[in-house]
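Good morning, colleagues. Please take a moment with the sequence and the structure before I begin.

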Amino acid sequence: MPEVVKEGAQGKALPSHAKVVIIGGGVVGCSILFHLAKFGWKDAVLLERDELTSGSSWHAAGQIHTISSDPNISRLQSYTIDLYKEIEELSGHSVGLHMTGGFYLASNKTWHDYLKRERSKARYMGLHQEWISPKELAERHPLIDPKHYYAALWDDQDGDLDPSGTTYAFAKAARTFGAQYFTHTPATKTEQRSDGTWDVTTPKGVINAEHVVNCGGLWAREVGHMGGLNLPVQPMEHHYLITEKIDEIANFGSRLPCGIDYEANIYFRQEREGMLLGTYEPVGVPWKVDGTPWTFGHELLPPNLEHIADRLELGFERIPALANAGIKDAINGPFTFGPDGNPIIGPVPGMTNYWCAVGVMAGFCQGGGVGLTMAEWMIDGEPSIDVWAMDVARFGNWASPDWGTVKSTENYERRFVMTFPNETLPKGRKQQTTALYDRLVAKGGCMGQSFGLEHVLWFADGPDDAHEDPTFERNRSFDYVAAECAAVRSGVGGIEVANFAKHVIKGPGARAWLNKTMAGFIPKPGRMTLTPMLTEKGRLYGDLTVACLGEEHFMLFGSGAMQDAHSRFFAQTLPDDVSHANETESWHGIAVSGPKSRELLSRITREDVSADGMAFRDCRETYVGGVPVVLNRISFSGELGYEIYCRPQYLIRLSEAIEEAGSDLGYRWYGNRALMSLRLEKGWGAWGLEFRPDFNAVEAGMDVFINWKKDFVGKAATEAARDEGVARKLVTLVIDTEIDVTLDEAVMLGGEAVGYITSGGYAHHVGKSMAMAYVASAHAEAGSMLDVEILGEMKCAVVMGAPVYDANGANMRA
């Protein structure tokens, strides 16, 4: 078990003011302190209620690795590991780093396929991963019985460290740049002044800070409550064991590498002359659901080995020497999990100058990257890479503390359990539903969840048929989705659009503000435009449809998942003569698409919806199906189509009117899987996949929507990208494969990675497997021949020069 380093307060008086106050002295808080001071915010103060590392950091297992479900988190984990030598030298404090290398073990075909996908991601991320055979595995780690494994993926960056030493190294390195930390100095109150600054009360005095950062760890919820914030995180009990001396380890001659066995649900590494073995219990135990006691500190919980007995049995089977080794220590310590297992960081939407970095359960893998990201965000206004997978804005008010406990527990239990690309998880469902939920489920709707809202993925033949087997390959939804696509292409289909964000902008200064905030053209009354929204550094932060319902009345449609992030973005520059309201929950609706959609719509509205009466990109407030709506002529399916938005109380009446009017037209409900297939045929990107802050408008091809004649946020950076050229571009690929891509597969040429997949699937109408990808500009020309690595095999791909369906958009504009 790691030793606890103790160090008292520095003997300095608590300052009355600071640029930033960080609450919490675990590895994450100390890393943020270090990075802020290193990058220039030297007037930074960290407050710790006890000793540094009190809470979870001191009893962490200390194993470090690079693999994560999100590529950018993997990059930040790689950065974290590379950082440790620097902070050790700066601080003069040992981090106890052992770069042993490590492996990830596949004991069945499913886990082998998973690791093939991870290896493909590593190619374009520049991570050092390679396959080793079971024989070589046994040579590198003689305690392992190799007969259980298909293969192993080796990563030379993996290893272990001393958790307490690392935390102190961060803190002391921060002090070399002028930052300060105070132990035995709990924050007891946070109160915001009218000027936006925060008063942080402690027993030693009050500090006024421009910014506050909640790094409370086990006390993240309690620290949040001081500022009126409820965070959906939950401390969980977690076990690991340390064995007595094992002769094979003592006599090996060098330190053994670390490892993860997914099927056995164990991680392991050398600890002195014994071994550390940890597991994530199949039935997670939430700890202190009602709140973490302030008196808890360097303490452990009573171990319950019966709770992990089945995992230990598998561990003993695969590492036989463990069965004969005595147990020196059984550690059961709480640490904080988030609903999806990723950190929750960034500026909290709806609050001013309040930041959080909580739920960082893999703190010694991710702490350095979290510190880097937070410092960039606070000082520069934006991180250097897309960190949506960690952004606090991905959870809205619907993410209640109760929901957080349920989902955090589920995620804990699934830490080493496969989650397939087409798999939906069962817990925490129906958190948000529309009025049509029960009706769509009764029709066979297979539901997914986005930003807490249930939506249809695809329709089966009925509720009893609405299931699918998780897989990396094509699944039983394939033919159902094909039928939905056919209905839209040949007749008319409808899909709920409640999960699109709707922002209402009003006021005399609305047009001027939108002109500055959006890079594209702002429409005249009755019209709509698509526009990118950029950061100051020219990175994509939104692809929004702007509808002008009146000279001082606009409605913006965009990513539902980004609704709070966009609200946070708007709030930074919103002038006094402009109002913004996130009205996503107040506008639900249905999009109807297909060549017969105009005929259907004409039957349920008195509006002239002919080609002349309602042109492509027209919008208006009117009545459809006897209820008040906002009617937009636009379609993400690439067909003639309309989006019809109504208040939630009118949704059932609207849906019944649509169904009745379309009964003889072949009307069919369709889901998100069909929509994503249809948009692939048009070569259209989607937010969170092709469009995100990793890319600029020129790379993404969104520069065609920019109004270069005006000033807008990010213009200088975007002009530079346009004039100087970009190293990569977004392309559409057709792939010769029977297994479709999902995302993050490497795009190869001559054995070298030249790009990566952002999304893909089967385009049912044209009968082709397709993908979208960012590739090196030299290989982005139409006709370029490339390879895509799919489950370890190279598949031939060709770059498209135009959409494979309705290239000139005639159907959509009909």
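In this predicted model, six strands close into a barrel in the order S32-S35-S34-S33-S36-S37, with antiparallel pairing. On average, neighbouring strands of this barrel are turned by 45° against each other, direction ignored. One of the pairings joins strand S33, residues 746-749, to strand S36, residues 785-790; the two run antiparallel and share two bridges. Within that pairing, methionine 748 stands opposite aspartate 787 of S36. Helix H17, residues 672-682, lies across strands S32 (728-735), S34 (752-763) and S35 (768-776), and runs at about 125° to S34.

I turn now to the second sheet. It is open, has six strands in the order S28-S29-S30-S27-S21-S31, and its pairing is mixed. Which strands stand at the edges? They are S28 (619-624) and S31 (668-669); each has a single partner strand, so one side of each is left without a neighbour in the sheet. Strand S29, residues 627-632, and strand S30, residues 641-646, run antiparallel and are joined by three bridges. There, leucine 631 has isoleucine 644 of S30 as its bridge partner. Helix H16, residues 651-661, lies across S21 (493-496), S27 (588-593), S28, S29, S30 and S31, running at about 15° to S27.

Next, a helix and its surroundings. Is helix H14, residues 563-571, largely enclosed or largely open? Eight of its nine residues are buried, so H14 is largely enclosed by the rest of the structure. The buried residues include charged and polar names such as Asp564, His566 and Arg568, as well as Phe569 and Phe570.

On the surface, Leu530, Val704 and Phe705 form a nonpolar patch, with about 240 Å² of accessible area together. Phenylalanine 705 sits in the loop between helix H18 (697-700) and helix H19 (715-724). Its relative accessible area is 30%, and phenylalanine 705 is therefore classed as partly exposed.

Finally, two backbone points. Most residues other than glycine have a negative phi. Threonine 53, however, has a positive phi, near 80°, and arginine 272 likewise has a positive phi, of about 55°. Threonine 53 lies in the loop between strand S2 (44-47) and strand S3 (63-64), whereas arginine 272 is found in the loop between strand S14 (266-271) and strand S15 (274-279). Which of these residues is buried, and which is exposed? Threonine 53 is buried, with a relative accessible area of 0%, while arginine 272 is exposed, at 52%.

Notes. Residues are numbered from 1 along each chain as its sequence is written. This is a predicted model: local features need pLDDT of at least 70, side-chain atom pairs count only at pLDDT 80 or more; totals for chains, interfaces and linings use all residues. Side-chain values use heavy atoms; hydrogens and water are left out. Patches are made of residues with over 30% relative accessible area and no salt bridge: like charges are joined within 9 Å, nonpolar side chains (Val, Leu, Ile, Met, Phe, Trp, Tyr) within 5 Å. Accessible areas come from the Shrake-Rupley method with a 1.4 Å probe; for residues, only the protein chains shown count as cover. A salt bridge is a side-chain nitrogen of Lys or Arg within 4 Å of a carboxyl oxygen of Asp or Glu. Helices (H or I, at least four residues) and strands (E, at least two) are DSSP runs, numbered from the N terminus. Buried means under 20% relative accessible area, exposed over 50%, partly exposed in between (1.4 Å probe, protein chains only). Two strands pair if DSSP finds at least two bridges between them. Contact means heavy atoms within 4.5 Å. Axes are lines fitted to C-alpha atoms, for helices over the stretch in contact, and angles run from 0 to 180 degrees between N-to-C directions.
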